[in-house]
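This report introduces a structure to a reader who has not met it before. The sequence and the model are shown first, and a description under short headings follows.

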Amino acid sequence: MKIGEYTHDIIRIDDLHLVIDLKGADLEVIRGASFRIPAGRTVALVGESGSGKSIISQAILGILPNVARITGGSIWYKETPTDIPLDLATFADDSAERIDLRGGKISIIFQEPMTSLSPLHTIGNQIGEALTLHRDVSSGDVQQTVVDMLELVGFPNPPAAWSMYPMELSGGLRQRAMIAMALVCHPALLIADEPTTALDVSMQAKILSLLKELQEKLGMAVLLITHDLGVVANMADEVVVMYHGQIMEAGPREAIFRNPQHPYLKALLNAVPDLSMGYDEKLESLRDIEHEIPASMSKGIEERKTHAHETLLQIRHLKKEFTTKKSKGWFGNDKTVVKAVDDISFDVRRGECFGLVGESGCGKTTTLKMIVRALSATDGTVEWMEGDGDQQTVTDLLQLNNQGIKEFRRKIQMVFQDPFSSLSPRSTVLNILKEPMEVHGMGNKKQQAEYAAELMRLVGLQPTFLGRYPHSFSGGQRQRIGIARALALRPELLVCDEPVSALDVSVQAQVLNLLKQLQEELGLTYIFISHNLAVIRYIADRIGVMFKGQLVETATREELFENPIHPYTRALLDVVPHADLDHPLDFDRINRDMASEGRNWTGPFSNEGHESEMDMIAITDNHQVRAQRGTDLQTILAHKPT
Amino acid sequence: MVPTLLLASIVIFTIIQLPPGDYVETYIGELIQNGESVDLERAQYLREEYGLDKPMIQRYLLWIGNFVTGDFGYSFEHQKPVSEVVGNSLFFTILLSFFTIILTWVIAFPIGIYSATHQYSWGDYGLTFVGLLGMATPNFLLALILLYVAKVNFGTSIGGLMDKEFIGEPMSWPKLLSIGEHLIIPTIVIGTSGTAAMIRRIRANLLDELQKQYVVTARAKGVPPFKALIKYPLRMSLNFFVADIGSLLPAIISGAEIVSIVLSLPTTGPLLISALQSQDMYLAGSFLMFVATLTVIGVLISDIALGFLDPRIRLSGGVDR
């Protein structure tokens, strides 16, 4: 089957209604959805979380949770053009027909590669199981087929992977194992439920390219569920937009992106940060929030603003080493030293937002933790500068004793990634906001309560919510509570560790805009880390790119995105999918280009055999790049990747 | 392991020695109560004979030294070597415990699995209620009730381990049957409380596992429901169960003292209690040391078994974070 030739619809969903039973009360989560999946093509199902896109995929597969049931409509399944269509909605989930289809003709890959595989069974066992259930094969053939499949999905050593456990594999490899499991029976339809959301950009590009390649080889249809419009623009043939259990708009990719009709789709397209937007363009949040700056916080802002652009934090030669012991049999241990952060130096200036970007495991969070003294540094200095001229004081945060660091914590506060686990479920919002004030002895009880109310207004929440517990808030609201808590001590520096990556697209823009406004209005300084280049581009003034514990390039935002010099930065920019049909991902290049592995950086960027000679070399005042020491500018620019 | 046992032995010895007096004093007290005359010289002789007059550390070293070479000392109360006193009842205790554990597992597993897979159904509520009832009923009370029921309705006296006529007889079929008959009620009595707790734990563990993503993966692969249940979540929830073996072994020896007393079973439980009461130090000390040793061995066994069962434990060993 060739892609592009329309033969028939493998799935046709007709006026589907689905309810979830909430302790006796039915909640209708799918309200009359109809769409089709043509054989051999990719259909993207787009929408924010809670729009019902995942539950539709579960209905197709027949793996609905116990509380959900289909109340109306049909799911027509037709494998080949000549088959008589089968209404899947009429069969029970555990009927023989559906069990036979699951994994055999229709299969699924999930978002979370870390938890989707059983930790107790080998990869070979789990993939082979799918094969033995649906195909009549001997055990020797099973192993051969599975190993072939593992090779197809790009495992480096497929025969060895057969007997490995999921915990021995990285997230990317686990997702590949998951894909191998879904495809081992050559299904007619693959449902990919947010297949790359939990992965890094570079891994995301590789998995997407793999899916495309496998689709060409095996000729299956793909239902791609995602909220990332960049992924949609690069993968889908047809797009279906869902909102609150209803289909808002559906059509070919071209029509959806070039000529969006429905206001919701237009709003969604405007709310997602993208590399193609202008540098001063503002994201339009789906639901804007009003906030006000309380009078008590406004003093000192002017004074802070007059010192803008002076260096606030000077980080020099920061290092962190972890020692892992791996036991060799019964006796003896192998000690390996892992350099999580390897000699990092950068400055943070007052009033700016310094962004750190890099793949997971590159050491960005470790760096942050050392700055806030949550982790002890192996070596290096973090100097806090205050005042100017003769009155300038310089404090090395890493040398402070416990009393000293407590004083400093008032000036540096942190916003965490996961709004669900960073707020104690047993405290009311009032207590969450009061705790830092109590620890630092700010005001009496009455003042603290008043101040907590002010903080709520500051992040656009009702002060009447103070008595509630975190579970009654949405992810975006919780993250705003987290921001309010961080601001409770009126800090000067806010350290944000991926504050929007756990949030839904629809509220990402809201929180990003809030952070941006607060920075402007309160004269705050941010250090902001993210693996999402579009987010960093939207919020940061200057950006450092990290790779394997080292900074490879620092530059102002415009410089970095318009004129990237280091091959790693270039490679990172290349793998970000744009929500723009005119900037498609170059999948051939992604497969060829191993630059992100650091293996074939050429010329002055190559660090093989030159580890000790690498240094940050200034291109301009605001642009440094890591290269061999003493390399002149011409050589560097000559090797700049195109 | 060895340091743990050494420490345990010191604690055990100290605690046994803590109450004022020793066995000889208890013995003399008993004699006086019975109105018999006491030969002070004999008392002195006994003390010297058993080293009771020596300082504590010396006595400890003597005791522990003999213990590791297999000489568990002499029971004053029974006028026999400890190994003989314990040996008899140990066999019956292990027999009883074995049946109890099997019964617990046989009942608890299906019910636990049913309760977990049919959470909040009437079946789950009903079984949970029965289970909680079993947990809340004191064992000895149940023992007394069953004792009465068996006597009145079935005409069997179930006190003791076998009918009186077989005591001291060589092993034969009728004797074995009698033992079997007498084992039924203690097994049920001791089993019920354990079963209820076990059901609750299987249910809770399985419920946790059933929520996990990999279970959905298995369903999506087209694994039939029952097979998917056995292969993935059940296997996973076995971890707690294996970890439990550690506490099972000592319970075999010392478990269910009160029930044994009520049913006058010749198990080790009542023996231990009487030894502690009469300050029969070698008997009590040996017992407690057995229990300590079995605990340590049990934990070792469950650790090794867990390593076999769970690759995460096996493979992550020795990684220092």
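## Chain B

In this predicted model, chain B contains 14 helices and 2 strands. Of the 321 residues in chain B, buried residues make up 32%. When the contacts in chain B with a separation of 6 or more are considered, 73% of them are accounted for by residues that lie 24 or more positions apart.

## A sheet in chain A

Chain A holds an open sheet of 4 strands, which follow one another in the order β2-β1-β4-β5 with antiparallel pairing. The edges of this sheet are taken by β2 (25–38) and β5 (86–87) of chain A, and because each has a single partner strand, one side of each is left without a neighbour in the sheet.

Strand β1 of chain A, which covers residues 9–22, is joined to β2(A) by 11 bridges, and the two run antiparallel. Within this part of the sheet, Leu22(A) has Ala25(A) in β2(A) as its bridge partner.

## Where the chains meet

Between the two chains, 32 residues of chain A are in contact with 23 residues of chain B. On the side of chain A that touches chain B, the elements giving two or more residues are α2 (96–101), β6 (106–109), α3 (123–134) and β11 (311–327) of chain A. The largest share of that side comes from β11(A), which gives 5 residues. By character, the residues on the side of chain A that touches chain B divide into 13 nonpolar, 11 polar and 8 charged.

Terms used: Residues are numbered from 1 along each chain as its sequence is written. Chains are lettered from A and ligands numbered from 1 in the order in which they are written. This is a predicted model: local features need pLDDT of at least 70, side-chain atom pairs count only at pLDDT 80 or more; totals for chains, interfaces and linings use all residues. Two residues are in contact if their C-beta atoms, placed from the backbone, lie within 7 Å. Ala, Val, Leu, Ile, Met, Phe, Trp, Tyr, Cys and Pro count as nonpolar, Asp, Glu, Lys and Arg as charged, and the others, Gly among them, as polar. Two strands pair if DSSP finds at least two bridges between them. A residue is buried if 20 or more other C-beta atoms lie within 10 Å of its own, exposed if 12 or fewer, and partly exposed in between; C-beta atoms are placed from the backbone.
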